[in-house]
Amino acid sequence: MEMAMHAIFLLCGVVAVGFVLLISIYLIVSGIPAIKEVGLVDFLFGQRWAPTNKQDPAYGILPFILTSIYGTAGAVVVGVPIGLMTAIFLSKCASPKVAGIIHTAVELLAGIPSVVYGLVGMIVLVPAIREMFDLSSGASLLAAIIVLAIMILPSIINVSENALNAVPKEYEEASLALGATKIETIFKVSLPAARSGVATAVVLGVGRAIGEAMAIIMVSGNVANMPGLFTSVRFLTTAIASEMSYAAAGSLQRQALFSIGLVLFLFIMLINVVLNVFIKNKKEGA
């Protein structure tokens with residue numbers, strides 16, 4: 001029985017790794033031809049995207065890359081503090097009754113489909129931004145950042161709270177016994193001890209933010225502009241979602257969309273590696 005269970009666990013691990021390898025190989029095989037034809041520099045740093053222009057087609061994705069970076073960074077800057085403070089409140093301050101109510105709300109927030117976030121953002125948020133800042137269109141990077149910040153909250157709250165709950169009570173009791181206040185204990189003892197779990201929550205939030213398409217395509221304007229806070233923009237994900245349906249099979253446009261998927265995949269991998277190395281270095285220095 002022990003050997004059989006070990007074999008099953010090993011098989012599950014191999015299957016998970018195999019899926020990642022298959023996706024990686026498929027994206028590389030499908031995306032490299034367009035990069036070779038367009039040129040790596042022109043593809044990554046070109047500022048114009050016009051694949052359907054028969055006279056002068058262009059395949060530069062720099063606006064998409066910068067928009068994804070700015071949008072994800074903005075969502076993290078807005079969402080992580082709110083999510084982390086909520087997790088601290090639930091773990092260390094809230095009464096069981098209040099915590100139960102907030103947990104229910106967070107679970108409902110996590111269960112809302114992406115298209116509903118986009119629909120509410122398009123009906124409520126976009127007109128509000130248009131009127132507040134006197135713009136011709138409220139569909140902008142700002143609207144996308146706000147929607148993404150709300151969408152990543154459940155992941156950050158749940159994972160951070162679990163990490164804080166896993167901190168041994170002896171750490172906090174020792175801090176309080178030495179004369180530290182409760183707030184000092186939370187921020188100088190509990191939070192540093194839960195650093196790895198909080199960093200994991202940030203990684204999950206970044207992955208959710210950078211991989212979202214449906215909600216963002218409804219509030220960002222989906223226009224291939226260089227990013228500006230009040231400008232209609234297009235993300236890497238929305239570029240693929242909006243054009244894949246009509247890109248002809250075997251065309252350079254379709255291959256370029258696969259190349260965008262490859263860039264997005266590598267971007268997410270790079271973020272995970274950097275954050276994991278950062279966490280490892282912090283642990284070794286602790």
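# Questions on a predicted helical chain

Me: At 21% relative accessibility, what does F265 count as?
Reply: This is a predicted model, numbered from 1 along each chain as its sequence is written, with pLDDT of at least 70 needed for local features and 80 or more for side-chain atom pairs, while totals for chains, interfaces and linings use all residues. Side-chain values are based on heavy atoms, leaving out hydrogens and water. Buried means under 20% relative accessible area and exposed means over 50%, with partly exposed in between (1.4 Å probe, protein chains only). F265 sits at 21%, so the label is partly exposed.

Me: Which residues is F265 in contact with, leaving aside its neighbours within four places in sequence?
Reply: F265 lies in helix α12; helices (H or I, at least four residues) and strands (E, at least two) are DSSP runs, numbered from the N terminus. Contact means heavy atoms within 4.5 Å. With sequence neighbours within four places set aside, the partners of F265 are I23, S24 and L27.

Me: How many helices and strands does the chain have?
Reply: Reading from the N terminus, the elements go α-α-β-β-α-α-α-α-α-α-α-α-α-α. That pattern comes to twelve helices and two strands.

Me: What share of the 286 residues counts as buried?
Reply: For scale, the C-alpha atoms fill a box of roughly 75 × 60 × 35 Å along the principal axes. Looking at contacts between residues at least 6 apart in sequence, 68% join residues at least 24 apart. Of the chain's 286 residues, the buried share is 42%.

Me: Which residues have the most contacts inside the largest nonpolar core?
Reply: A nonpolar core here is a set of buried Ala, Val, Leu, Ile, Met, Phe, Trp, Tyr and Cys residues joined through side-chain atoms within 4.5 Å. The largest one has 49 residues. Helices giving at least two residues each include α1 (2–38), α5 (114–132) and α12 (252–285), while the largest share, ten residues, comes from α6. The best-connected members of the core are F43, W49, I61, F64, V147, F235 and I260.

Me: Which residues does F235 contact, leaving aside neighbours within four places in sequence?
Reply: F235 is among the residues with the most contacts inside the largest core. Outside the four-place window, F235 meets F64, T67, S68, G71, L141, A144, L148, I216 and S220.

Me: How many residues are in the second, separate core?
Reply: Among the members of this core are L84, A163, L164 and V167. Its size is ten residues.

Me: How is α3 oriented relative to α8?
Reply: Axes are lines fitted to C-alpha atoms (for helices, over the stretch in contact), and angles run from 0 to 180 degrees between N-to-C directions. Under 35 degrees counts as roughly parallel, over 145 as roughly antiparallel, 65 to 115 as roughly perpendicular and the rest as oblique. The axes of α3 (residues 62–93) and α8 (residues 182–193) come within 12 Å and cross at roughly 110 degrees. That makes the pair roughly perpendicular.

Me: What classes of residue make up the contact of α3 with α8?
Reply: On the α3 side are L84, M85, I88, K92 and C93, and on the α8 side K182, I186, F187, S190 and L191. Ala, Val, Leu, Ile, Met, Phe, Trp, Tyr, Cys and Pro count as nonpolar, Asp, Glu, Lys and Arg as charged, and the others, Gly among them, as polar. The split is seven nonpolar, one polar and two charged.

Me: How are α5 and α6 oriented to each other?
Reply: S114, Y117, L125, V126 and I129 in α5 meet L142, A143, I146, V147, I150 and M151 in α6, a contact with ten nonpolar, one polar and no charged residues. The axes are 10 Å apart, at an angle of about 140 degrees. The two helices are therefore oblique.

Me: What is the phi of D134?
Reply: Most residues other than glycine have a negative phi. D134 is found in the loop between α5 and α6, and at 69% relative accessibility it counts as exposed. Its phi is positive, near 55 degrees.

Me: Is N222 buried or exposed?
Reply: N222 is in the loop between α10 and α11. Although not a glycine, N222 has a positive phi of about 55 degrees. With a relative accessible area of 18%, N222 is buried.

Me: Which residues does S160 touch, not counting those up to four places away in sequence?
Reply: S160 is in helix α6, and at 0% relative accessibility S160 counts as buried. Beyond four places in sequence, S160 touches L84, A87, V198 and A201.
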